[in-house]
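Grab your viewer and work through these exercises one at a time. Try each task before you read its solution.

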Number of protein chains: 2
Amino acid sequence: MTEKSNFPTNMDHDQWFWDVLNAYLIQQSLKQTRQRKVVVEEFLKLDRHVDAEDLHNIVRKRDPRVGLATVYRTLNLLKEAGLADQKSFRDGRSVFEVHRPDHHHDHLVCLDCGKIMEFENEEIESLQNQVADKLGFKLTGHRLDLYGHCLKRNCMPDAKV
Amino acid sequence: MTEKSNFPTNMDHDQWFWDVLNAYLIQQSLKQTRQRKVVVEEFLKLDRHVDAEDLHNIVRKRDPRVGLATVYRTLNLLKEAGLADQKSFRDGRSVFEVHRPDHHHDHLVCLDCGKIMEFENEEIESLQNQVADKLGFKLTGHRLDLYGHCLKRNCMPDAKV
DNA sequence: CTTTGTGCAAACCCTTTGCAAGCAG
DNA sequence: CTGCTTGCAAAGGGTTTGCACAAAG
């Protein structure tokens, strides 16, 4: 993009993420800090739904000085930058995931092991629009979560999401 | 049902609700109290999505001695009896609604006025099952919320849900 | 009487915030 | 240097819970 981003990264396929983030930081006069770097790197590395506490534990292994509040603040920053989505499948606790602009999807959650799968279905989306039209709504978004049991043999009750 | 329910009600079309509730109370050796009566009556009378605080305010007009905790406890009791559903459209706050066994529906929420409409669409349900099948899940439930703007002229920003 | 229910306030859980000290720019 | 950031702990907001008293069965 513009010359060079200060946050280094080895993973080319995540370059877009760092580019957007760095642009956002500069635009908002925010700073690139050690803590933000670690939190974002681990968040990207995980590449799955994760809650703040889990991410905090992971980050602490690399840098024990990072506080939970900073993890929350960084995740909220990513949300504001449009780089992360926040969901709450289990009531009272949020999970975050990387927002990939070109990839809308809904979720399928296993009630036994907590596994979260993603899917997309254009027919469903189209029907949603029809429903909204019929009821006189201008649809701007939706949330579709399917709940059930995955049939994998390694589905462990109470496993970590 | 069994002879006679002690909780009286004038509204015949809600009789099924009181019957189920009384049966549940007896079966669980729970008691019929003045507070439960008032909370449930007002909940039924409203017949819309309501949160605990709102319901508490309404109940207090009839009986100022009823505490918020009792409202929560009563709503949870109804949930356990299968008579109420709990949803959380706005993050961090739950709303409750009467669960009508024969009437499954999803929700359409106006982001301006908070109005909640209900709809059902069998095509969508069927597609959900197809998706779950394809991904190797046994589907047991789902949640579909549509978000948008209602086109009514009386749509007031920040109106009460 | 025995057991469950209630009101109150305190506890909880997750998340946010105030503040003084720490750093990036 | 200036002002955004951080860590810590305290505060917040909705919901639950412990306790002693009230009340249903």
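Helices here are DSSP runs of H or I with at least four residues, and strands are E runs of at least two, numbered from the N terminus. One thing to keep in mind throughout: this is a predicted model.

**Exercise 1. Work out the fold inventory of chain A: how many helices and strands are there, and in what order do they come?**

Start with the count: chain A has five helices and five strands. Next, walk along from the N terminus, and the elements read α-α-α-α-β-β-β-β-α-β. Now check the burial: of the 161 residues in chain A, 42% are buried. Finally, look at sequence separation. Take the contacts in chain A between residues at least 6 apart in sequence; 51% of them join residues at least 24 apart.

**Exercise 2. Find out which residues of helix 3 of chain A are buried, and what covers them.**

Helix 3 of chain A spans residues 52-62. Its buried residues are A:Ala52, A:Asp54, A:Leu55, A:His56 and A:Val59. To read such a pattern, recall that an α-helix has 3.6 residues a turn, so residues three or four places apart point the same way. Then ask what sits on top: the cover over these buried residues includes helix 2 and helix 4 of chain A. Last, inspect the start of helix 3 of chain A, where a side-chain oxygen of A:Asp51 comes within 3.1 Å of the backbone nitrogen of A:Glu53.

**Exercise 3. Describe how the protein meets DNA strand D: which residues are closest, and which atoms of the strand are involved?**

First, collect the neighbours. DNA strand D is surrounded by 21 residues, and the closest are A:Arg36, A:Thr70, A:Arg73, B:Tyr72 and B:Arg93. On the DNA side, sugar and phosphate supply 74% of the strand D atoms that come within 4 Å of the protein.

Second, sort the surface near DNA strand D by class: you get five nonpolar, nine polar and seven charged residues.

Third, pick out individual polar contacts:

- The side chain of B:Arg93 places an N or O atom 2.3 Å from a phosphate oxygen of DNA strand D.
- B:Gln32 uses its backbone instead, with an N or O atom 3.4 Å from a phosphate oxygen of DNA strand D.
- B:Arg73 goes for a base: a side-chain N or O atom lies 3.5 Å from a base oxygen of DNA strand D.

Fourth, map the surface onto elements. Those giving two or more residues are helix 2 (34-46) and helix 4 (68-80) of chain A, along with helix 4 (68-80) of chain B. Helix 4 of chain B gives the most, with four residues.

**Exercise 4. Decide what relates chain B to chain A.**

Superpose them: a rotation of 179 degrees with 0.0 Å of shift along the axis puts chain B on chain A, at an RMSD of 0.1 Å. The two copies are therefore related as by a two-fold rotation axis. In chain B, the C-alpha nearest that axis belongs to B:Leu144, at 2.2 Å. Both copies use the same surface, since 97% of the contact residues of chain B recur in chain A.

**Exercise 5. Count the disulfides over all chains, then look at A:Cys110 and B:Cys110.**

The whole-structure search turns up zero disulfides. For A:Cys110, the nearest cysteine sulfur is that of A:Cys150, 3.6 Å away, while the cut-off for a disulfide is 2.5 Å. A:Cys110 is buried, at 2% relative accessibility. Over in chain B, B:Cys110 is in no disulfide either, with the sulfur of B:Cys150 at 3.6 Å. B:Cys110 is buried too, with a relative accessible area of 2%.

Note on methods:
Residues numbered from 1 in each chain as written. Chains lettered and ligands numbered in written order. Predicted model: local features only at pLDDT ≥ 70, side-chain atom pairs only at ≥ 80, totals over all residues. Heavy atoms only, no water. Near = heavy atom within 4 Å. Polar contact = N/O pair within 3.5 Å; in protein donor to acceptor, adjacent residues only side chain to side chain. Nonpolar A, V, L, I, M, F, W, Y, C, P; charged D, E, K, R; others polar. Buried < 20%, exposed > 50% of the residue type's maximum accessible area, 1.4 Å probe, protein only. Contact = heavy atoms within 4.5 Å. Least-squares fit on C-alpha atoms with pLDDT ≥ 70 in both.
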